[in-house]
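Open the model in a viewer and keep the selection panel at hand. The stops below go from one residue pair outwards to a sheet, its helices and then the cysteines.

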Amino acid sequence: MSAELLMIALDGADARTIAALADAGELPEIAKLIRQGKFSYLRNAEEMSDDSAWASFCFGTPLSEHQRYHFEHRSLSGNCQMAFRGESGSDAFWSKLSGLGHRVAVIDIPKCPTPVALNGIHIADWLVHGKYHHRPVSFPASLAEETVNRFGPTPVSRCDYYQDEMASGEARSFAEHLKATISQKLECGLHHLGGGVWDLFLIGFKEAHCAGHGLWHLHDTRHPQFTTPDYDPLVDVYATLDDAVGKLARAAGPAANIMIFSTFDMVPNGSLWHMSDQIEAGLNRHLGRLFATTRTKAADLLARLTGRAGRIFCEVVPANDNLFALHVQTPDGLCRDAISTQAERLLQELQDGATGAAAFTSVRRLSWQQYDKPGYRMPHLVAQCAPGRFPETLVSKTMGEISAEAGVMRTGNHVAGGGLIAVGQAAIDHGADVHSLVELGSVAERVLAALKAR
């Protein structure tokens with residue numbers, strides 16, 4: 001059969017790597033589509049995690065509006081809950097398209113709203129990176145079980161925050177594991193693509209994301225742990241994705257408009273998770289001194305004498321492991337802007353004790369004040385950890401020395417970036433100036449409107 005618009009999500013595929021491999025002839029299907037259409041880089045600079053990026057894509061709104069900065073939100077009581085559970089009233093763009101009469105198929109877009117009734121089908125949390133449900137879910141409800149029975153169950157995930165660096169043999173096994181799940185997804189996609197006429201056919205592949213986290217040290221020559229491998233397992237995974245893209249593009253039909261996109265880029269991982277508590281404590285001690293009054297000095301002294309914590313100005317909130325996110329509180333009626341300014345300065349001052357390099361490559365202040373989600377601690381400051389570093393000692397002329405033992409963590413992590421390949425006149429016309437995931441849903445709507453108007 002056919003699709004008017006085929007959208008393929010290559011979750012976590014580094015756009016610079018895609019472009020380089022396509023130019024080198026190692027991704028022939030993608031290279032052919034680039035020649036037929038237009039390739040552009042995305043920025044997605046606002047995103048704080050892949051959860052945030054996918055929310056921006058699904059809802060077509062920026063982080064400041066959808067407010068899913070991480071898969072967990074910390075409540076004012078200190079407890080955490082899954083962020084998507086507070087999004088029950090939010091509609092994904094494909095639901096809106098379905099409401100306009102378009103026939104849609106959505107297969108394994110990660111971290112999306114729970115499937116609802118559609119003019120079409122929706123399978124979620126089958127073969128994705130990071131699940132919101134314990135098992136696959138779908139519309140119609142029976143489709144999830146049918147998918148597992150026909151195309152195979154979800155294999156045990158081999159992706160984790162804390163994982164040992166893979167040697168060549170283990171990396172080859174991991175690549176084969178990812179190639180097998182690509183085959184599962186491709187078989188499912190071709191089955192549904194060939195089973196009807198679709199206005200929008202949207203399918204996601206997780207494997208570049210998993211490969212980036214686990215195999216980046218065997219691909220990126222700038223990685224501190226890079227050693228020339230006997231073969232590049234990440235390129236092997238990308239090549240298998242390339243073959244899947246080509247088969248789906250052909251199955252969609254010669255008249256199909258096509259949009260292939262990635263969500264962010266990859267760099268060597270770097271983290272300060274292991275010393276979050278110490279950094280938070282150091283910030284609060286110094287901010288307490290900066291904003292002290294006679295009354296608050298007495299209160300803080302009493303708190304220390306009785307073993308209680310003093311005033312809290314900053315609190316670490318959940319974020320991706322290469323980010324350091326702070327919620328800024330305003331004790332004693334103090335101005336959040338003044339506290340944020342001082343906290344930002346203190347973070348910028350931190351240096352790696354071993355190298356003297358800055359601990360963070362950037363410290364950004366987010367204007368959440370007008371958007372604060374009731375009942376949750378939202379981040380006001382977000383610092384990007386230096387890639388490739390897991391310092392065990394930080395030094396600061398103001399806060400002194402901070403030390404903590406680093407754990408063994410995944411070797412690659414995501415940063416702002418991504419790419420878009422648009423093929424077909426309508427996709428090129430409406431996708432030419434796209435810069436972020438936020439825009440892709442509205443682009444799909446305009447592409448379908450243009451095709452219907454022919």
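**A bridge between two strands**

Select F360 and C385: C385, in β16, is the bridge partner of F360. This is a predicted model.

Extend the selection to β14 and to β16, which covers residues 381-385. The two strands run antiparallel and are joined by 5 bridges.

**The sheet**

Now add β11 and β12, which gives an open sheet of 4 strands in the order β11-β12-β16-β14, with antiparallel pairing. β11 (314-317) and β14 (360-365) are the edge strands; each has a single partner, so one side of each lacks a neighbour in the sheet. From one strand to the next, the twist averages 25 degrees.

**Two helices across the strands**

Select residues 276-290, helix α10. Helix α10 lies across β11 and β12 (323-328), at about 160 degrees to β11. Next, select residues 336-349, helix α12. Helix α12 lies across β11, β12, β14 and β16, and runs at about 175 degrees to β14.

**The cysteines**

Return to C385, which is buried, with a relative accessible area of 3%. How far is its sulfur from the closest cysteine sulfur? The distance is 16 Å, to C314, which is too far for a bond.

Then select C80, which is partly exposed at 36% relative accessibility. Its closest cysteine sulfur is also in C314, at 17 Å, again too far for a bond. A disulfide would need the two sulfur atoms within 2.5 Å. Searching the whole structure gives 0 disulfides.

Methods: Residues numbered from 1 in each chain as written. Predicted model: local features only at pLDDT ≥ 70, side-chain atom pairs only at ≥ 80, totals over all residues. Heavy atoms only, no water. Buried < 20%, exposed > 50% of the residue type's maximum accessible area, 1.4 Å probe, protein only. Pairing = 2+ DSSP bridges. Axes fitted to C-alpha atoms, helices over the stretch in contact; angles between N-to-C directions. Contact = heavy atoms within 4.5 Å.
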